[in-house]
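Here are a few notes to read alongside the model. I hope they help you find your way around.

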Amino acid sequence: MSTGYVYHELYGWHDTGTHAGLLPADPRRGLQPFRHFENAEAKRRVHELVVATGLVDRLTRLAPRPATDEEILLVHTPGHLARLVAANDTGGDAGDGGSPFGPGALDIARLATGGVIRAAEAVVDGEVDNSYALVRPPGHHALSDVGMGFCMLANIAIAVSAVRASRGVERIAVVDIDVHHGNGTQAAFEDDPNVLTVSVHQDRVFPPDSGFVTERGTGAGHGYALNLPLPPGTGNGGYLEAMRRVVLPALHRFRPDLIVVAAGFDANPVDPLARMMVTAGGYRQIGRMLLDAAAELCDGRIAFAHEGGYDPVYVPFCAHAVIEVLAGVEQPFEDPFGVNFDNQGQQELQPHQETAIEAAEKLVAEIG
Ligand code: 6DK
Ligand code: ZN
């Protein structure tokens, strides 16, 4: 068993500046400078935990390389790339005013995308059994012609397109468990029946007007985009039921050659950007279910790419649990917060959560 692991110090150097929450700091409006929600801390501390517990010794380090123009243009328009190139000396914003970056950020974004490509290629080539790319900036909101939601380049969509082009992998399923809708990945493959995108997220958080269960892909891709918007407050019970009744059956019907996971950890109980309650123990079980599905469906070929997750204290335990599962660690490192978070009220499936799950469950049968 070997698990590929991508991390680069430069991921921590991507500078999102001083924002007052999600708005540019502005004393005239009472907006005090503060670090942007998407800062290095949570992700750097994931890496530090992976090193400090010794988990890193059980992983195969994979060095990322920058994604090329050719790879980026598999998903993005020349105009989008040109804008990022033009802003690379000065810094700028990826598109929505909430996705700032400093000088040289495109170089780091290329290394993040290249890291996800490396993680996927290593799995497809059989160099490793599975892989985890702990990258920054994130990617699942970036559209072909514009960045948004802290994302500059569509890391996963580009990696999926790259392994299809370079390795001839035909059918790829992307499972997005970030608490926000994976709108960018969905858009990239909207009309493509060979890429299944499944997104489980908190109902209408970001983008606030997408991720509805009625969004199912277009043209030949109809049925191959699946969305499960869950109500705020959903915990381990609701998420595991969503896995059992929607995500796993969808994967079994689709029969992918490779699974890519958009691993966001912002559905945790103390995240500043969402209102869910998935604990490290919950993430561990989700990771286990996805790994088992990969074993059954595609010789275990599964690559994880890190997305969101903003609490610097708790996110490391959530990601660490998933990486342990990938590496087949038998004696897991104990999540010290588990005793508190695992036993909070309404961790079990609630009726209104089940209603949301049923709506998506009905659509699974139509995946061919
Ligand atoms: N932005 C993510 O975790 C990113 O999915 C979440 C992005 C949430 C942005 C919320 C928001 C503004 C606000 C003001 C102006 C513009 C944009 F991509 C991931 F990192 F994974 O309201
Ligand atoms: Zn997110």
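1. Start with the spacing of the donor residues of the zinc ion (ligand 2), which in sequence is D-x1-H-x85-D. Histidine 180 sits in the loop between β8 (172-176) and α6 (183-188), while aspartate 266 sits in the loop between β11 (258-263) and α8 (280-298). This pair, 86 residues apart, links distant parts of the chain. Helices (H or I, at least four residues) and strands (E, at least two) are DSSP runs numbered from the N terminus.

2. A word on the basis: this is a predicted model, where local features need pLDDT of at least 70, side-chain atom pairs count only at pLDDT 80 or more, and totals for chains, interfaces and linings use all residues. Residues are numbered from 1 along each chain as its sequence is written, chains are lettered from A and ligands numbered from 1 in the order in which they are written, and side-chain values use heavy atoms, with hydrogens and water left out.

3. Which protein atoms hold the donor positions of the zinc ion (ligand 2)? They are Asp178 (OD), listed twice, His180 (ND1) and Asp266 (OD), at 2.0 to 2.7 Å from the zinc ion. Donors here are N, O and S atoms within 2.8 Å of the metal (3.2 Å for Na, K and Ca).

4. Are histidine 180 and aspartate 266 buried or exposed? Both are buried, meaning under 20% relative accessible area with a 1.4 Å probe and protein chains only.

5. Now look at ligand 1. Polar side-chain atoms of histidine 140 and aspartate 266 lie 2.7 Å and 3.0 Å, respectively, from an oxygen atom of ligand 1.

Key. Buried means under 20% relative accessible area, exposed over 50%, partly exposed in between (1.4 Å probe, protein chains only). A polar contact is a pair of N or O atoms within 3.5 Å; within protein, one must be able to donate a hydrogen and the other to accept it, and residues adjacent in sequence count only if both atoms are side-chain atoms.
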